[in-house]
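Trainee: I would like a close look at one part of this model, the helix packing. Please go through it in detail, and then place it in the rest of the chain.

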Amino acid sequence: MTEHETSPADGWVVVAWTPDEFGDAALEHGIAWAREGGRGIAVVNGTRGDALVDERYAAPAGLAELAERLRGTGLPHVVRQEMGRDVAEQVLDVAAELSARLVVVGLRHRSPVGKLLMGSVAQRILLTAECPVLAVKPGERPA
């Protein structure tokens, strides 16, 4: 699903979004930063598609709610949802395509074993993005 409105003169804020409290925190901060800087907001939701159920991949109803929320902001916005590639790469590709000024990610706690066995999308974005990255946790309010 992609929805383009006018392209913002001051660039884009890209949000790595999941339909949960972590994605909501990232979206809230992304909207605040986009408003403050006169920027548009691009929301990316993805999955590698290697599991039967991925709770971080939004269902159509969740995407419709997201689109409605973005329309309510009055900001230029884009929603991208992909399946099949690494999620961090999906976010980074959109950030590069739109020459993002900021990427916002929600941080989730990982156990020491989880850190050892599998990479973190947020960590790969933090280490690889060519623009600043804002990492937020649920419960944090934008300033």
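Mentor: In this predicted model, helices α1 and α2 cross in a right-handed sense. Helix α1 covers residues 21–37, and α2 covers residues 60–73. Their axes lie 11 Å apart, and the angle between them is about 20 degrees. Angles under 35 degrees count as roughly parallel, so α1 is roughly parallel to α2. On the α1 side the contact is made by D24, L27, E28, I31 and R35. The α2 side contributes L66, R69, L70 and T73. By class, the residues of this contact are four nonpolar, four charged and one polar. The nonpolar ones are L27 and I31 of α1 with L66 and L70 of α2. The charged ones are D24, E28 and R35 of α1 with R69 of α2, and the polar one is T73 of α2.

H29 is also part of α1, but it is not listed among the residues that α1 brings to α2. Its relative accessible area is 7%; the limit for buried is under 20%, so H29 counts as buried. Beyond its sequence neighbours within four places, H29 is in contact with V104, L134, V136, E140, R141 and P142. Of these partners, V104 falls within β4 (102–106).

The other helix pair to look at is α3 with α5. Helix α3 spans residues 87–97 and α5 spans residues 121–128. The angle between this pair is about 40 degrees, and the axes are 8 Å apart. The crossing of α3 and α5 is right-handed, as is that of α1 and α2. From α3, the residues V87, A88, V91 and L92 take part; they meet V121, R124, I125 and T128 of α5. This contact has six nonpolar residues, one polar and one charged. R124 is the charged one and T128 the polar one.

L92, in helix α3, can be followed further. At 18% relative accessibility it is under the 20% limit, so L92 counts as buried. Its contacts, leaving aside neighbours within four places in sequence, are R124, I125, T128 and A129. Three of these, R124, I125 and T128, are also named in the α3–α5 contact. The C-alpha atoms of L92 and C131 are separated by 9.8 Å, with their positions 39 residues apart along the chain.

E89 is in helix α3 too, but its accessibility is 42%. That value lies between the limits of 20% and 50%, so E89 counts as partly exposed. E89 and I125 are 36 residues apart in sequence, while their C-alpha atoms are 8.0 Å apart.

The loops at either end of α3 complete this part. G84 lies in the loop between β3 (77–83) and α3. Apart from neighbours within four places in sequence, G84 is in contact with T47, R48, G49 and Q90; Q90 belongs to the residue range of α3. The C-alpha distance from G84 to D50 is 7.7 Å, with 34 residues separating them in sequence. After α3, S99 sits in the loop between α3 and β4. S99 has a positive phi of about 50 degrees without being a glycine. Most residues other than glycine have a negative phi. With a relative accessible area of 53%, S99 is exposed.

As for the rest of the chain, there are five helices and five strands. In order from the N terminus, the elements run β-α-β-α-β-α-β-α-α-β. Of the 143 residues, 46% are buried. Among contacts with a separation of 6 or more, 79% join residues 24 or more positions apart. S7, in the segment before β1, is exposed at 58% relative accessibility. S7 and G40 lie 33 residues apart in sequence and 7.1 Å apart in space, C-alpha to C-alpha.

Last, confidence. The mean pLDDT of the chain is 87, and 87% of the residues reach 70 or more. The highest mean, 97, is in strand β1 (residues 12–16), and the lowest, 53, is in helix α4 (residues 112–117). Where pLDDT is low, the predicted coordinates should not be read in detail.

Technical notes:
Residues are numbered from 1 along each chain as its sequence is written. This is a predicted model: local features need pLDDT of at least 70, side-chain atom pairs count only at pLDDT 80 or more; totals for chains, interfaces and linings use all residues. Side-chain values use heavy atoms; hydrogens and water are left out. pLDDT is the predictor's confidence in each residue, from 0 to 100. Helices (H or I, at least four residues) and strands (E, at least two) are DSSP runs, numbered from the N terminus. Buried means under 20% relative accessible area, exposed over 50%, partly exposed in between (1.4 Å probe, protein chains only). Contact means heavy atoms within 4.5 Å. Axes are lines fitted to C-alpha atoms, for helices over the stretch in contact, and angles run from 0 to 180 degrees between N-to-C directions. Angles under 35 degrees count as roughly parallel, over 145 as roughly antiparallel, 65 to 115 as roughly perpendicular and the rest as oblique. A crossing is left-handed if the near helix is turned anticlockwise from the far one by less than a right angle, and right-handed if clockwise.
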